[in-house]
Amino acid sequence: MSSILVQTGDEGITLTGQAANRLLERGDGDAALLYLALLRRRGTVPPRSLAGELRWDRLRIEAAEGTLRELGLVAPAAEELPPEPAEEKPAYRQADIADRLEGSAEFRGLTAEVERKLGKKLTAPDVGVLLGLNDYLGLPADVIYLLVCHCAERVQRRYGPGRRPGMKQIEREGYAWARRGIDSQGAAAEYLKNYARRQELVPQYMRVLGLGERAPAASEEKYLTVWQEMGFPPETVALAYDKTVFKCHELKWPYLNGILKRWHEAGLHTPEEVEAGDGGRKPQEKSAGGTSAWEYV
């Protein structure tokens with residue numbers, strides 16, 4: 001019997017009999033399609049990076065990827081967090097972007113509002129970022145707009161009026177929101193309220209660190225944010241600062257952060273808790289490993 005397959009002239013994907021049997025027994029069409037897409041890329045890209053190519057949302061491709069992992073056709077996941085943009089960002093073709101703009105009034109409206117907010121015409125890659133946030137991460141249009149406004153306000157506060165965030169910065173913040181579960185207007189509003197409250201305290205942290213009234217640099221702000229999220233008030237950071245200067249003779253952010261991390265792990269957050277947990281110990285001689293009692297209190 002002659003073949004009923006149409007030969008296209010570029011066949012080159014090899015599907016083993018064992019893999020075919022596993023896919024046929026499971027009967028999951030999405031898993032089979034994803035496996036074929038991975039074979040075409042010779043397994044050199046993460047499964048979730050093919051969301052744009054397959055035109056699937058995040059939940060759909062994660063389900064197919066999970067099936068392939070269960071079947072032993074894809075290596076076990078290293079972690080369950082959503083991927084970072086630089087590592088597993090879906091690649092959307094210009095045709096995909098055009099189709100979404102033409103077929104979704106909501107997405108067209110989001111694109112127009114973001115253009116007005118940023119004061120520029122978005123390029124195709126820019127719109128692709130919005131599509132990834134909406135289609136792949138599953139963030140609703142209203143949440144994405146709040147995200148863009150948040151990024152714009154942060155940039156203007158740090159660098160002054162007229163400055164605007166780049167789309168890569170907006171994308172990174174979008175992935176951070178997805179990891180935090182900020183995927184509704186209510187969740188976004190709560191996060192932004194807490195963020196504003198933390199920002200009001202930033203000058204106090206800067207003063208106890210001997211940095212005066214200036215705004216923190218981006219890397220400094222990351223430390224301050226982590227410390228606030230751990231539950232440390234400025235007064236406790238002041239204690240850690242004193243210990244850091246005693247040991248290092250200057251402010252060293254990683255060293256100070258190490259002190260606070262150990263206090264956090266010990267459940268010590270207020271000055272009273274730290275003093276009680278410290279037990280009023282004085283600096284001691286260094287141990288054989290060269291670490292004094294002050295260093296990791």
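1. Lys193 counts as partly exposed in this predicted model, at 45% relative accessibility. Its side chain meets that of Glu190 in a salt bridge, with an N to O distance of 3.4 Å. Glu190 is likewise partly exposed, with a relative accessible area of 38%. Both residues lie in helix α11 (residues 185-208), where a separation of 3 residues corresponds to about one turn of the helix. The pair is therefore local in sequence, and neither value falls under the 20% that would make a residue buried.

2. The search of the whole structure finds 16 salt bridges. Another of these pairs Arg100 with Asp135, whose side chains meet at 3.0 Å, N to O. This pair links distant parts of the chain: Arg100 belongs to helix α6 (residues 94-103) and Asp135 to helix α8 (residues 124-136), and 35 residues separate them. Arg100 is partly exposed at a relative accessible area of 25%, whereas Asp135 counts as buried at 11%.

3. A further salt bridge joins Arg214 and Glu220, with 2.8 Å between the closest N and O atoms. The two ends differ in their burial class. Arg214 has a relative accessible area of 38% and is partly exposed. Glu220 counts as buried, because its 11% relative accessibility is under the 20% cut-off.

4. What is the surrounding of Glu221, and which residues does Glu221 touch? Leaving out residues up to four places away in sequence, Glu221 touches Arg158, Tyr195, Gln199 and Pro216. With Gln199 there is a polar contact between the two side chains, at 3.2 Å. Glu221 is placed in helix α12 (residues 218-230). At 8% relative accessibility, Glu221 counts as buried.

5. The axes of helices α6 and α7 come within 5 Å and cross at roughly 105°. An angle of 65 to 115 degrees counts as roughly perpendicular, so α6 is roughly perpendicular to α7. On the α6 side, the contact is made by Arg100, Leu101, Glu102 and Gly103. On the α7 side, Ala105, Phe107, Arg108 and Thr111 make the contact. Arg100 thus appears here as well as in the salt bridge with Asp135.

6. Is Phe107, a residue of that α6 and α7 contact, buried or exposed? Phe107 is buried, with a relative accessible area of 1%. Phe107 lies in helix α7. Beyond residues up to four places away in sequence, Phe107 touches Arg100, Leu101, Val127, Leu130, Leu131 and Asn134. Among these, Leu131 is 24 residues from Phe107 in sequence, with a C-alpha to C-alpha distance of 8.1 Å.

7. His249 deserves a backbone check. This residue has a positive phi of about 70° although it is not a glycine. His249 is found in the loop between α13 (234-248) and α14 (253-265). With a relative accessible area of 69%, His249 is exposed.

8. On the overall make-up, the protein has 15 helices and 0 strands. Buried residues account for 39% of the 297 residues. Of the contacts between residues at least 6 apart in sequence, 62% join residues at least 24 apart. The salt bridge between Arg100 and Asp135, with partners 35 residues apart, is one link between distant parts of the chain.

9. On confidence, the protein averages a pLDDT of 84, and 85% of the residues score at least 70. Among the elements, helix α7 (residues 105-118) has the highest mean pLDDT, 96. Helix α5 (residues 85-88) has the lowest, at 51. Residues 79-84 have a pLDDT below 50, and this stretch makes 12 contacts in the model beyond near neighbours in sequence. Residues 279-297 also have a pLDDT below 50, with 26 such contacts in the model. Where pLDDT is low, the predicted coordinates should not be read in detail.

Notes:
Residues are numbered from 1 along each chain as its sequence is written. This is a predicted model: local features need pLDDT of at least 70, side-chain atom pairs count only at pLDDT 80 or more; totals for chains, interfaces and linings use all residues. Side-chain values use heavy atoms; hydrogens and water are left out. pLDDT is the predictor's confidence in each residue, from 0 to 100. Helices (H or I, at least four residues) and strands (E, at least two) are DSSP runs, numbered from the N terminus. Contact means heavy atoms within 4.5 Å. Buried means under 20% relative accessible area, exposed over 50%, partly exposed in between (1.4 Å probe, protein chains only). A salt bridge is a side-chain nitrogen of Lys or Arg within 4 Å of a carboxyl oxygen of Asp or Glu. A polar contact is a pair of N or O atoms within 3.5 Å; within protein, one must be able to donate a hydrogen and the other to accept it, and residues adjacent in sequence count only if both atoms are side-chain atoms. Axes are lines fitted to C-alpha atoms, for helices over the stretch in contact, and angles run from 0 to 180 degrees between N-to-C directions. Angles under 35 degrees count as roughly parallel, over 145 as roughly antiparallel, 65 to 115 as roughly perpendicular and the rest as oblique.
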